[in-house]
Amino acid sequence: MPKLNTLRNGQKSVITDISENDLSLKLLDMGCMPGEEIIMIGQAPLGDPIMFQLGGYLLSLRKEEAENIQVEIVN
Amino acid sequence: MNAASSKSKKQLRKIALVGNPNSGKSTLFNLLTGLNQKVGNFPGVTVEKKTGKCQLDNEEIEIIDLPGTYSLHPKSIDEEVTLSVVCDPANKYYPDITIIVADASNLKRNLLLCTQVIDLKRPCILALNMMDLVRENKIEINTALLSQELGIPIIAMNARNNEGIKELKNLLKENIAAPNKCFFDVATLNINFLQELKGLIKVENNYLAHLIFLHHHAIPSIEHNNEITERIKLVSKNEKIDKGRLQAQETIIRYKNINSIIQTCVVDERKIKADKLTQKLDAILTHKVWGFASFLALLFLIFQFIFSFSAYPMEWIEQGFALLSDAVKNHFPKGAVNDLVTEGIISGLGGIFVFIPQIAFLFAFIAILEDTGYMARVSFILDRIMRKFGLNGRSVIPLISGAACAVPAVMSTRTISNWKERIITILVIPLISCSARLPVYTLIIALVIPQKKLWGLINYQGLVLFSLYLIGFSAAIFSAYIFKMILKSKERSYFIMEMPVYRAPRWGTVVLTMIEKIKVFLFDVGKVIISISIVLWVLSSYAPGNRFEKIEKKYENSDNAENIIASEKLEASYAGIFGKAIEPVIKPLGFDWKIGIALITSFAAREVFVGTMATIYSVGTDDESSLRQKMQQDKNQNGEKIYTLATGVSLLLFYVFAMQCMSTIAVVYRESGHWKWPLIQFLYMGALAYFSSLIAYQLLA
């Protein structure tokens, strides 16, 4: 399973699993959970953090945070 | 609750606003209350509390704006405040009606909090905000059906252009029934203890009891009851309650229910859900090269703007006060009272009012950056760099707010959940030049930097001002790096943040922010300045023993000696004695005893420097030229000008670095919970100030 941080610009994916730690609750509150579609939108000038389109809004995550999220790439 | 209703009828009905960050909660609050609002702190914590009054036909109601949150399960101290208000009938602000403000273009995520509030089964309204975005994106929301599904009244609105505000006010006049739908049944969690707890805390509602069970520490009236908290802790331990797991279970069930509601009530056929304008702007503003370039260019423009445009109104204010002082002096009988009014109070007041234009511009810019959504991008593009220095992308907003005032900036670090990052941010914030330094900078820059333009375009004075801010910022970053090396922590740092869509700024919000900040400056800061001005006037107008008489006697027979007498008297006065006492220490920095007095008083607040100078220089002189001119003409015993380039630069650097603000020291103590931190801050900043001034003066003189 690829991880969210490996997505290329504009690539679409569906979240399959989030490893459980202190961040997963925060992600859950914000609607970031298995089954949701997530698209990589772009990166900050230094490549990190990364911006994603999740549902109707833009979510920014650091690479190391995106690493905890497993996705399935959708074509 | 009986206690509340049996109180006098005069008690206003309370309406609380809750909602996700970026849902337009504050806009709605401004619309409902207008200028009729009060900003303060929640008791015991330094989370900003905004309350205001709103007039419905013949009833006045009280509105409270609660910190934005995605869920009633708090993840930060701000969010705990929201919980403590909506979940505690004993709270002073416990609402009669809760308005849930939701971003309609982002309904699903906003409904999480909404269903939680509904489950408390207290009267509530859903304010479906940002309907313009919904229409723009051709999303269809069947609000009647949604209202039926949620079991609460809904108002579709667009707070940005007043749409729906009338309907909301009309609805508030009516009697709103408590909802009876349930979106998450706590009973499915099988916590037997809840029944017992409901009895202990005298609560009927299951979900409320559940929230109190999980987050009792956030609710003061429960936390103060040892018996209950001990019992809760014991049960949690014995039954091995995993709070995280319980929250996760709840959130997943809620989202499941929300999904089925959305499916019946919302038609959203967008293929790409992104906002087009936002995409285009982000392509530039978060671009590898243009992202940083545009950020720096914007900052530079703001400072040029503040400096050049506020020059005119500042001049008018200066002249106005000079005229006023003159008029009072000539029209009222001469004497000590006249002197106190004209030399102490009016000159002190003038010293405060003159900075209103700059403060207004600065806060207007900060408000615009926040309101357009750009501030979040600043955090985004700088997070990586900030992290290297032990800070967080979220530190950027406190640091930039620090350019206005360190006190609210230190308070705003509460959104940084990592302890180490937060304490480092707090430690370095006061190095960012705040608006209180602006008066000092302006005065000294005007004294020692020529009013010329580089290549006929760039204002030299503006350039120097910009460099001062840059020096402060660099020092902050550099110090953060040192603290990162020294402080130890194992806690995880994160940057999970919503990026709002770009929107045009609302001028109403900008103006309200400006007025609010000017009010705070005039009343809170002004009080300190005026009292110090008066104390100073007394100290500089009186001397121990018969020193003044001696001086008068000395020049008894010489004509035109008024100015010499005045300056000798000042030197002999109590203020002069203080200044002289510290002169040996500050002489290597190029400061005389007059500056010494101002440095001492500046420890109350930096902007007092100007008031002090105004008082010192107006004592005993009759000509009403401005303070700047008087300082420019001031000479030392050898007939050399005091305010040379070297002294000016040295003084500027001292003010860039030194920790001269009692309010900041107090707020850092409150936020860090230990005297250790403000002390460390005071010492390292003081050392930085002294040695940089020393080096600068020795090199330039």
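## A tour of chains A and B

Start with chain B, which is divided into domain 1 (12-267), domain 2 (290-435 + 453-486) and domain 3 (525-700). These bounds come from an automatic or database domain assignment. This is a predicted model: local features need pLDDT of at least 70, side-chain atom pairs count only at pLDDT 80 or more, and totals for chains, interfaces and linings use all residues. Residues are numbered from 1 along each chain as its sequence is written, while chains are lettered from A and ligands numbered from 1 in the order in which they are written.

**Stop 1: domains 2 and 3 of chain B**

Colour these two domains separately. Their C-alpha centres lie 22 Å apart. Domain 2 of chain B puts 30 residues into the contact and domain 3 of chain B puts in 31 residues. Contact here requires C-beta atoms, placed from the backbone, within 7 Å. On the domain 2 side, the elements giving two or more residues are α14 (290-331), α15 (336-353), α19 (406-411), α20 (419-428) and α22 (460-486) of chain B. Helices and strands are DSSP runs numbered from the N terminus (helices H or I, at least four residues; strands E, at least two). Select α15(B) next: it supplies the largest share of that side, 10 residues. By type, the domain 2 side holds 18 nonpolar, 9 polar and 3 charged residues. Ala, Val, Leu, Ile, Met, Phe, Trp, Tyr, Cys and Pro count as nonpolar, Asp, Glu, Lys and Arg as charged, and the others, Gly among them, as polar.

**Stop 2: strand β5 of chain B**

Select residues 97-103 of chain B. Of the 7 residues in this strand, β5(B), 6 are buried, so the strand is largely enclosed by the rest of the structure. Buried means 20 or more other C-beta atoms within 10 Å of the residue's own; exposed means 12 or fewer; partly exposed is in between, with C-beta atoms placed from the backbone. Add β1(B), residues 13-19: it runs parallel to β5(B), joined by 5 bridges. Strands pair if DSSP finds at least two bridges between them. Now add β6(B), residues 124-129, which pairs with β5(B) in the parallel sense over 6 bridges. Label B:Val101. Its bridge partners include B:Gly19 and, in β6(B), B:Ala127. Show helix α4(B), residues 107-118, as well: β5(B), α4(B) and β6(B) make a right-handed β-α-β unit. Right-handed means that, with the strands pointing away from the viewer, the path from the first strand over the helix to the second runs clockwise.

**Stop 3: helix α11 of chain B**

Go to residues 226-238 of chain B. Only 1 of the 13 residues of α11(B) is buried, so the helix lies largely in the open. Just after α11(B), find B:Lys240, with a positive phi of about 50°.

**Stop 4: where chain A meets chain B**

Show both chains. Here 28 residues of chain A are in contact with 34 residues of chain B. On the chain A side, α1 (24-29), β2 (37-43), β3 (50-54) and β4 (57-61) each give two or more residues. That side divides into 16 nonpolar, 6 polar and 6 charged residues. Zoom to β4(A) and β12(B), residues 497-499: 3 bridges join these strands, which run antiparallel. One pair to label is A:Leu59 with its bridge partner B:Glu498.

**Stop 5: A:Ile15**

Finish in strand β1 of chain A, residues 12-18, where A:Ile15 lies. With 19 C-beta neighbours inside 10 Å, A:Ile15 counts as partly exposed. Beyond its neighbours within four places in sequence, A:Ile15 has contacts including A:Cys32, A:Ile38, A:Ile69 and A:Val71.

Definitions and conventions: Two residues are in contact if their C-beta atoms, placed from the backbone, lie within 7 Å.
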